[in-house]
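Visitor: Please show me the model, and then take me through its sheets and its ligand site.

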Amino acid sequence: MLRGRLDDRFGTARLDGLNLGPRELRSFRRVKILGCGSAYYVGQIGAQLIEELARMPADAEAASEFRYRNPVIEPDTLYVAVSQSGETADTAFAVREVKRKGGQVVGLVNVVGSTIARECDGGIYLHAGPEIAVASTKALTHMAIGFAMLALVLGRVRDLSITDGQRIVAGLKELPGQIEQVLAGEPRIAEIAAELAAARSLFFIGRVRAFPVAREGAQKFKEVTYRHAEAYQASELKHGPLALIDEELPTVAIVPDDELTDRNLGAIEQIRARSGRLVVITHPDVPQCEGQRITVPKNERELDPVLLVIPIQLMAYHAARCLGRDIDKPRNLAKSVTVE
Ligand code: F6R
């Protein structure tokens, strides 16, 4: 994924497949990301990366909804379709809707030569290798890294300094080693997952960069364990969901070491005060707080979601194993959703 694509000297990435030169890249004023399910949640991580690094308004939308609302397609918006299989019908229809109305759309796709890859004007292949299990895992990490590179490219034709670009390039290079470290922590994650498997319902909470991570956590957990799991912005707890917290409902809180740590610790305090069980996925320098703790290595704050997403996927996997579920082929789901 990263090989040959990072440019240390200029603090940027080389994404020739986009078929967009610096002048065209500069002409976009907005980015709209379209994907389904977990690809949509990674799209939210991508939108955050683009807003932070390129300072362009960016958002992600479920491709399955997009074309039904007769969307306004703007010539100065870069549309990005994101898909592992490249065959998801809802995402492919969204691509056609953009193109039919004259918009420009690029793809972040894993399967080479797939429908979405062919129909987009250009794109970034993820090179994650074949993904066999129904639930998407490694492709998601690759998508997040793909968005980081796209954000770099968009940022470096705008106001992202060469130093900040180099900081992100260095962070991207650290990721493979750090992912190994997260994977080495699997036995502890499995222990915690075994306890979570007993709960009938769970919350996953995070805010800003960590909220899409929480959404992906809830999605994977329900998909492979068949337990109810729901994601909330940590900031929204007091606006409703706190009413559900008691000793029966555990919360998995994503608490990165960043400018929002103190606020996240405040939310944890509120859960603890209501006897809620907590699992905290965090960084080594975050002060000890209530609950069982899983730490991942710290990277640049913009790239943290790439590493935070891995333990929550492992957690879903091990909880499903404890429950004797068919993890590779969860009930009612298909790998490639080629129908609407
Ligand atoms: C979740 C999952 C699905 C897919 C979604 C999009 O684990 O696998 O939510 O992410 O169906 O699939 P692709 O990426 O192939 O378009």
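Guide: Two strands pair if DSSP finds at least two bridges between them. Helices (H or I, at least four residues) and strands (E, at least two) are DSSP runs, numbered from the N terminus. This is a predicted model, in which local features need pLDDT of at least 70 and side-chain atom pairs count only at pLDDT 80 or more, while totals for chains, interfaces and linings use all residues. Residues are numbered from 1 along each chain as its sequence is written, and side-chain values use heavy atoms, with hydrogens and water left out.

Visitor: Over how many bridges do strand 8 and strand 9 pair?
Guide: Strand 8 covers residues 201-206 and pairs with strand 9 in the parallel sense. One bridge partner pair is phenylalanine 203 with glutamate 230 of strand 9. The number of bridges between strand 8 and strand 9 is six.

Visitor: Which strands stand at the edges of the sheet with the order 9-8-10-11-12?
Guide: This is an open sheet of five strands with parallel pairing. An edge strand has a single partner strand, so one side of it is left without a neighbour in the sheet. The edges are strand 9 (228-233) and strand 12 (292-295).

Visitor: At what angle does helix 9 run to strand 9?
Guide: Axes are lines fitted to C-alpha atoms, for helices over the stretch in contact (heavy atoms within 4.5 Å). Angles run from 0 to 180 degrees between N-to-C directions. Helix 9 lies across strand 8, strand 9 and strand 10, and its angle to strand 9 is about 175°.

Visitor: Which strand does helix 8 run to at about 140°?
Guide: Helix 8 (residues 186-196) lies across strand 8, strand 10 (251-255), strand 11 (278-282) and strand 12. The angle of about 140° is to strand 12.

Visitor: In the sheet with the order 4-3-5-6-7, what is the bridge partner of valine 31?
Guide: That open sheet has five strands with parallel pairing, and its edge strands are strand 4 (58-62) and strand 7 (122-125). Five bridges join strand 3 (residues 30-35) to strand 5 (residues 77-83). In strand 5, the partner of valine 31 is leucine 78.

Visitor: Which helix packs on this sheet?
Guide: The helix touches strand 3, strand 5, strand 6 (104-109) and strand 7. Its direction makes about 165° with that of strand 5. The helix is helix 6 (residues 138-156).

Visitor: How many residues surround the ligand?
Guide: A residue counts if one of its heavy atoms lies within 4 Å of the ligand. The closest are Ser83, Gln84, Ser85, Thr88 and Lys220. The elements that give two or more residues to this shell are helix 2 (37-54) and helix 9 (211-225). The number of surrounding residues is 15.

Visitor: How far does a polar side-chain atom of serine 85 lie from an oxygen atom of the ligand?
Guide: A polar contact is a pair of N or O atoms within 3.5 Å. A side-chain N or O atom of glutamine 219 is 3.0 Å from a ligand oxygen, and a backbone N or O atom of valine 134 lies 3.4 Å from one. For serine 85 the distance is 2.7 Å.

Visitor: What share of the ligand's accessible area does the protein cover?
Guide: Accessible areas come from the Shrake-Rupley method with a 1.4 Å probe. On its own, the ligand has 410 Å² of accessible area. The protein covers 91%.

Visitor: Where does asparagine 70 lie?
Guide: Most residues other than glycine have a negative phi. Asparagine 70 has a positive phi of about 45°. Its place is the loop between helix 3 (63-66) and strand 5.

How values were computed:
A polar contact is a pair of N or O atoms within 3.5 Å; within protein, one must be able to donate a hydrogen and the other to accept it, and residues adjacent in sequence count only if both atoms are side-chain atoms.
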